[in-house]
Amino acid sequence: MASLMSRGRILCIALPTLLALRTGYGLVAEFWFPDEKQIYLLGLKYCTTGQWPYLGPDVVYTNSQIPGALQALMVGLPLRLTGLPEAPALLLNLLSFGALALLAWYASRRFPGIPAWFTWGWILTCPWALVYGTRVVNPSYVLPFAVLFFVGAYEALGIFERRILPAWLALFLQGVATTSIMQLHLSWVLLPPVTLLSLQRLWREDRYVAARGAGACAGGLLLGAATLLPTFLWWGAAGGGGVGRNLAWSPGNLGQIGTVAVRFLGFASFEVPYMIGSSFQTRLAFMKDHPWVVPFVLLLLVAGGSQIAWYGWSLFRRGSPEWTRARNFTVGVMALVWLSFSLSVKGPSSHTFYLVFPVALLYSFFCVERLLASRPHFAAAFGALLFCGLLFHAALAIDNYEKRSMYRNRALVVRAIEERDYRVLGLRRADEWGHGY
């Protein structure tokens, strides 16, 4: 009992601290890059004009817009209610923190051989959970729904011997997540095959349970579509926003199977290069500006590469039935991602399939638990790496605050809100294209 009370007190201190750190990190994150600025403008336009946002994020490669109001409302409603430029980031961080806390709770239940401090610490502070999941850009908004979907998928597919969630709830989560993500990012097309596989698995187990699950999934789909249906009711077929133009036969992308695998496994690693810049010059400039962080960058660079290699090698190992099912599901999701790019106008950049981040993370915990079972002393090394990761992200936050955050010119955002004219901050791409919301 005393141990449980002590653990409870630690959580009461640690979780608000982690929420505050993540929120602060998001507030000083990239703001002025076109993708981030356009998502902010999407909500700012709704806030300042009051026009219902029938269409959502832009797909710049094809001058199209994703249908549905969810993205604009998730950015714009906090702005309308508070008038604070930071309000969208505050809401996003509450949502992403809640989702990641759910994932950490789920992982703690499923992987008792891993210390809870590492499970929670890694899920809430790993690079892909911090860099995306805290800043206002549409893949970050995908994260909360992706966690709901894949926790539901793991349960419905029976990857673990005993289910924590009832099958109907697992399918409901998959349904509501699918039509929500449909309004945020085109990667939602990866989800229906997983749901169909879940229903097929349940059908083999118990047809009544499967039928009930299908009904719950349909209810979830309708709930998630509450902000999508007005678009098609008002515009009809034109409500598609032209997203069909993003479907194009691209067989050359099939040659990037190795790229997809490495980037998929990289979601669960200390992936440093992607976080500090898109080129060698920008990465070098970051380290020159913050020389104290260089040893930590080099250490995490080695650790991240080792993690990816270890995860990849583990795919070929044998293990328990739970391990086998989880590994096969992970490989199946990777294959689905890889095949999907054969029909995409864009190549496999990591953020384009960030949707599957929870799958990579849960797979990594299978690997960690297996390692700690034979080498428990590695837990101390994991703790040291978490600490190094926090120092690295502190340097990144300082760099972002100075060069890329809203605080370079917050007054401009305040003026746009006060004058109720989003154009003070900038034009929506759709304004420049001459169509759409």
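Colleague: What makes the nonpolar surface patch of about 270 Å²?

Modeller: Val 60, Tyr 61 and Val 345 make that patch. Patch residues have over 30% relative accessible area and no salt bridge; like charges are joined within 9 Å, nonpolar side chains (Val, Leu, Ile, Met, Phe, Trp, Tyr) within 5 Å. A salt bridge is a Lys or Arg side-chain nitrogen within 4 Å of an Asp or Glu carboxyl oxygen. This is a predicted model: local features need pLDDT of at least 70, side-chain atom pairs count only at pLDDT 80 or more, and totals for chains, interfaces and linings use all residues. Residues are numbered from 1 along each chain as its sequence is written, and side-chain values use heavy atoms, with hydrogens and water left out.

Colleague: Why is Val 345 called partly exposed?

Modeller: Its relative accessibility is 37%. Buried means under 20% relative accessible area, exposed over 50%, partly exposed in between (1.4 Å probe, protein chains only). So Val 345 counts as partly exposed.

Colleague: Is Trp 203 buried, exposed or partly exposed, and why?

Modeller: Trp 203 has a relative accessible area of 45%, so partly exposed is the right term.

Colleague: How do you know that Cys 126 is buried?

Modeller: The relative accessible area of Cys 126 is 0%, so Cys 126 is buried. Cys 388, at 8%, also counts as buried.

Colleague: Why does Cys 126 form no bond with the closest cysteine sulfur?

Modeller: A disulfide needs two cysteine sulfur atoms within 2.5 Å. The closest sulfur to that of Cys 126 is in Cys 367, 15 Å away, so too far for a bond. For Cys 388 the closest is in Cys 126, at 16 Å, again too far. The whole structure has 0 disulfides.

Technical notes. Areas by Shrake-Rupley, 256 points an atom, 1.4 Å probe, with all protein chains shown as cover.
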